[in-house]
Amino acid sequence: PPFPNTTYTPPLTAGGPCMDTSCTGTLAHPYEIEEVSMTGGGKSGSAPVLRLVGGPNVFNPVYYNLDSFSQNAGEIQVSGYVVLNVKSSFSMGGNGITNGITSSIPPECVQINYAGTSSVTINGNGAVSAILTAPNATVNLGGGGSAGYMVGAIQANNINVQGGYPVHYDIQLNRAGGS
């Protein structure tokens, strides 16, 4: 079945989070971001928020290349379809990615490709609705906290689930490469 329509806002133009002037968010010219590090939070309501604008459908996502990604506070808000290519490290706690359940966008809207060999960690209240591909790494899901969960699919060298971390895999995701 077709993916649901989403509101489409064109991605940032060159000169935004881009290391060269040819970044357009396409596969050939993705947005290049050295590091995403979301920590702290301070006063109530001041937790960091990362907003990723995606493409209009699964065939035209917006691509983001990151060297490292670390979140232990705040949340990631995704609109549209995005592909995150992460090179060296990936960890998620905090409030995770708010797509899927909270905005009626399926997990296929967020594809995370991890090229590293170190462990991927999703813990605490890290709520993820995505397809995560980490063929050379171990993915550790643990300590679901009061709101942590995984909705989607994971392909990895090894997967460890600990501490009551809920995982929901929709068998329809096998069409998108998950297992």
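Strands here are DSSP runs of at least two residues, numbered from the N terminus.

**Figure 1. Overview of the predicted model.** The structure shown is a predicted model. Read along the sequence, the pattern of the protein is β-β-β-β-β-β-β-β-β-β-β. That comes to 11 strands and zero helices. The protein has 179 residues, of which 42% are buried. About 8,700 Å² of the protein is exposed, and carbon and sulfur atoms supply 53% of this area. Of the contacts between residues at least 6 apart in sequence, 43% join residues that are at least 24 apart.

**Figure 2. The two faces of strand E7.** Strand E7 covers residues 110-114, and its side chains alternate. In a regular strand, side chains alternate between the two faces of the sheet. Val110, Ile112 and Tyr114 point to one face of E7 and are buried. Gln111 and Asn113 point to the other face and are not buried. Ile112, a residue of strand E7, has a relative accessibility of 2% and therefore counts as buried, the cut-off being under 20%. The C-alpha atom of Ile112 is separated by 6.0 Å from that of Asn85, although the two residues are 27 apart along the chain.

**Figure 3. Strand E7 and its pairing with E5 and E9.** Which strand pairs with E7 over five bridges? Strand E5, residues 82-92, does so, and the pairing is in the parallel sense. Within this view, Val83 has Gln111 in E7 as its bridge partner. E7 is also joined to strand E9, residues 127-142, by three bridges, and these two strands run parallel. Here Asn113 has Thr133 in E9 as its bridge partner. Gln111 and Asn113, the E7 residues named in these bridges, point to the face of E7 whose side chains are not buried.

**Figure 4. Strand E9 and its pairing with E8 and E10.** E9 is mostly covered, with 13 of its 16 residues buried. Strand E8, residues 120-123, is joined to E9 by four bridges, and the two run parallel. Ile122 has Leu141 in E9 as its bridge partner. How many bridges pair E9 with E10? There are 13, and the pairing is again in the parallel sense. One of the bridge partners in E10 is Val151, which is matched with Ser129.

**Figure 5. The pair of Tyr31 and Tyr64.** A search of the whole structure finds two aromatic pairs. In one, Tyr31 and Tyr64 have their ring centres 5.6 Å apart and their planes at 35 degrees, an arrangement that is tilted. The pair links distant parts of the chain, since Tyr31 is in strand E1 (residues 31-38) and Tyr64 is in strand E3 (residues 62-71), 33 residues apart. Are these two residues buried or exposed? Both Tyr31 and Tyr64 are buried.

**Figure 6. The pair of Phe69 and Phe90.** The ring centres of Phe69 and Phe90 are 5.1 Å apart. Their planes lie at 20 degrees, so the pair is stacked, a term that applies to planes under 30 degrees apart. Phe69 lies in strand E3 and Phe90 in strand E5, so the pair ties together parts that are 21 residues apart in sequence. Phe69 is buried, as is Phe90.

**Figure 7. A nonpolar patch on the surface.** Which residues form the nonpolar patch? Ile159, Val161 and Val167 form it, and together they have about 230 Å² of accessible area. Val161 has its place in strand E10, residues 149-162. Val161 has a relative accessible area of 46%, so it counts as partly exposed, the class between 20% and 50%.

**Figure 8. Gln162 and its contacts.** Gln162 has its place in strand E10. With a relative accessible area of 49%, Gln162 is partly exposed. What is Gln162 in contact with, leaving aside its neighbours within four places in sequence? The residues are Leu141, Gly142 and Gly143. The C-alpha atoms of Gln162 and Leu141 are separated by 6.2 Å, with the two residues 21 apart along the chain. Leu141 is also the bridge partner, in E9, of Ile122.

How values were computed: Residues are numbered from 1 along each chain as its sequence is written. This is a predicted model: local features need pLDDT of at least 70, side-chain atom pairs count only at pLDDT 80 or more; totals for chains, interfaces and linings use all residues. Side-chain values use heavy atoms; hydrogens and water are left out. Buried means under 20% relative accessible area, exposed over 50%, partly exposed in between (1.4 Å probe, protein chains only). Contact means heavy atoms within 4.5 Å. Accessible areas come from the Shrake-Rupley method with a 1.4 Å probe; for residues, only the protein chains shown count as cover. Two strands pair if DSSP finds at least two bridges between them. Patches are made of residues with over 30% relative accessible area and no salt bridge: like charges are joined within 9 Å, nonpolar side chains (Val, Leu, Ile, Met, Phe, Trp, Tyr) within 5 Å. A salt bridge is a side-chain nitrogen of Lys or Arg within 4 Å of a carboxyl oxygen of Asp or Glu. Rings of Phe, Tyr and Trp (its six-membered ring) pair if their centres lie within 6.5 Å; planes under 30 degrees apart count as stacked, over 60 as edge-to-face and the rest as tilted.
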